Amino acid sequence: MSRPLDLRCYFVTGQPAEEVPRIAALAAAGGAGVIQVRSKPIEESTLESLACAVADAVAQANPATRVLIDDNVHLAARLMPTHHIHGAHIGQDDMDPRDARALLGPDAIIGLTTGTLDLVQEANEYAGVIDYIGAGPFRPTPTKDSGRAPIGLDGYPALVEASRLPVVAIGDVHASDAADLAATGVAGVAIVRGFMRADDPRAMAAGIAADFDRVAAGGAL
């Protein structure tokens, strides 16, 4: 938790898995602050191989970019000492955040999935334990059906106000949404399919980060 954390542009990996290390490296080179290794359904051995490949590619492209593993805290703990991996993102039904912190150590990055006002307020209990929360879906998305109603652009300001932690918007977010979402107060946007399908992931990441910086500086959307 002592590491500076840039959440403006957050890439969550998708399919096809064989393309992920290349795309992750390009996104990191463009300024993506966090890359979450997620590829479901996937066996743990395959996830481990993918995570190591992503970590190696990102370390070469941009050592400042943090790499997290989705759900599998034990795998993250095992790989952190030897690879460019910095923590894990956990869901509501995964490990208790306090147990994850105990396993990963004080310097690991830990994120928690939310998406409703109640879940955001419950996450405040872990404000000294985790580093950020994901909140979605922004729009309905086929990537992950949470069962929660879409938040929409108008829903994020209340979540940001209620949260004691930085909020990352996720759920069918497009690069073109970055400025509008930045204006709601979220710390960043998490994108899956947009990066996997991008012609130029590096330019896409740079544009998202620039949109957040422009809004923070008081520029026009």
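The exchange below covers helix packing, burial and backbone geometry in this predicted model.

Me: What kind of model is this, and what pLDDT do local features need?
Reply: Residues are numbered from 1 along each chain as its sequence is written, and side-chain values use heavy atoms, with hydrogens and water left out. The model is predicted: totals for chains, interfaces and linings use all residues, side-chain atom pairs count only at pLDDT 80 or more, and local features need pLDDT of at least 70.

Me: How are helices α1 and α2 oriented, roughly parallel or roughly antiparallel?
Reply: Helices (H or I, at least four residues) and strands (E, at least two) are DSSP runs, numbered from the N terminus. Axes are lines fitted to C-alpha atoms, for helices over the stretch in contact, and angles run from 0 to 180 degrees between N-to-C directions. The axes of α1 (residues 20-30) and α2 (residues 44-61) come within 8 Å and cross at roughly 30°. Angles under 35 degrees count as roughly parallel, over 145 as roughly antiparallel, 65 to 115 as roughly perpendicular and the rest as oblique, so α1 is to α2 roughly parallel.

Me: Which residue classes make up the contact of α1 with α2?
Reply: Contact means heavy atoms within 4.5 Å. From α1 come Val20, Pro21, Ala24, Ala25, Ala28 and Ala29; from α2 come Leu50, Ala53, Val54, Ala57, Val58 and Ala61. Ala, Val, Leu, Ile, Met, Phe, Trp, Tyr, Cys and Pro count as nonpolar, Asp, Glu, Lys and Arg as charged, and the others, Gly among them, as polar. The split is no charged, no polar and 12 nonpolar.

Me: What is the handedness of the crossing of α1 and α9?
Reply: Helix α9 spans residues 201-216, and its axis lies 7 Å from that of α1 at an angle of about 40°. A crossing is left-handed if the near helix is turned anticlockwise from the far one by less than a right angle, and right-handed if clockwise. The crossing of α1 and α9 is right-handed.

Me: Is Pro201 of α9 buried or exposed?
Reply: Pro201 touches Ile23, Leu26, Ala27 and Phe195, not counting residues up to four places away in sequence. Leu26 is 175 residues away in sequence, yet 5.7 Å away C-alpha to C-alpha. Buried means under 20% relative accessible area, exposed over 50%, partly exposed in between (1.4 Å probe, protein chains only). At 3% relative accessibility, Pro201 is buried.

Me: Which residues is Asn124 in contact with, leaving aside its neighbours within four places in sequence?
Reply: Asn124 sits in the loop between α5 (117-123) and β6 (132-135). Its relative accessibility is 12%, so Asn124 counts as buried. Its contacts beyond those neighbours are Ala162, Ser163, Arg164 and Leu165.

Me: How many disulfides are there?
Reply: A disulfide is a pair of cysteine sulfur atoms within 2.5 Å. Cys9 is buried at 1% relative accessibility, and Cys52 is buried at 15%. By the distance rule, the disulfide count is zero.

Me: What is the omega of the cis peptide bond from Gly136 to Pro137?
Reply: Pro137 lies in the loop between β6 and α6 (152-162). The peptide bond from Gly136 to Pro137 is cis, with omega near 10°.

Me: What is the phi of Asp71?
Reply: Asp71 is in the loop between β3 (66-70) and α3 (73-79). At 24% relative accessibility, Asp71 counts as partly exposed. Asp71 is not a glycine, yet its phi is positive, about 70°.
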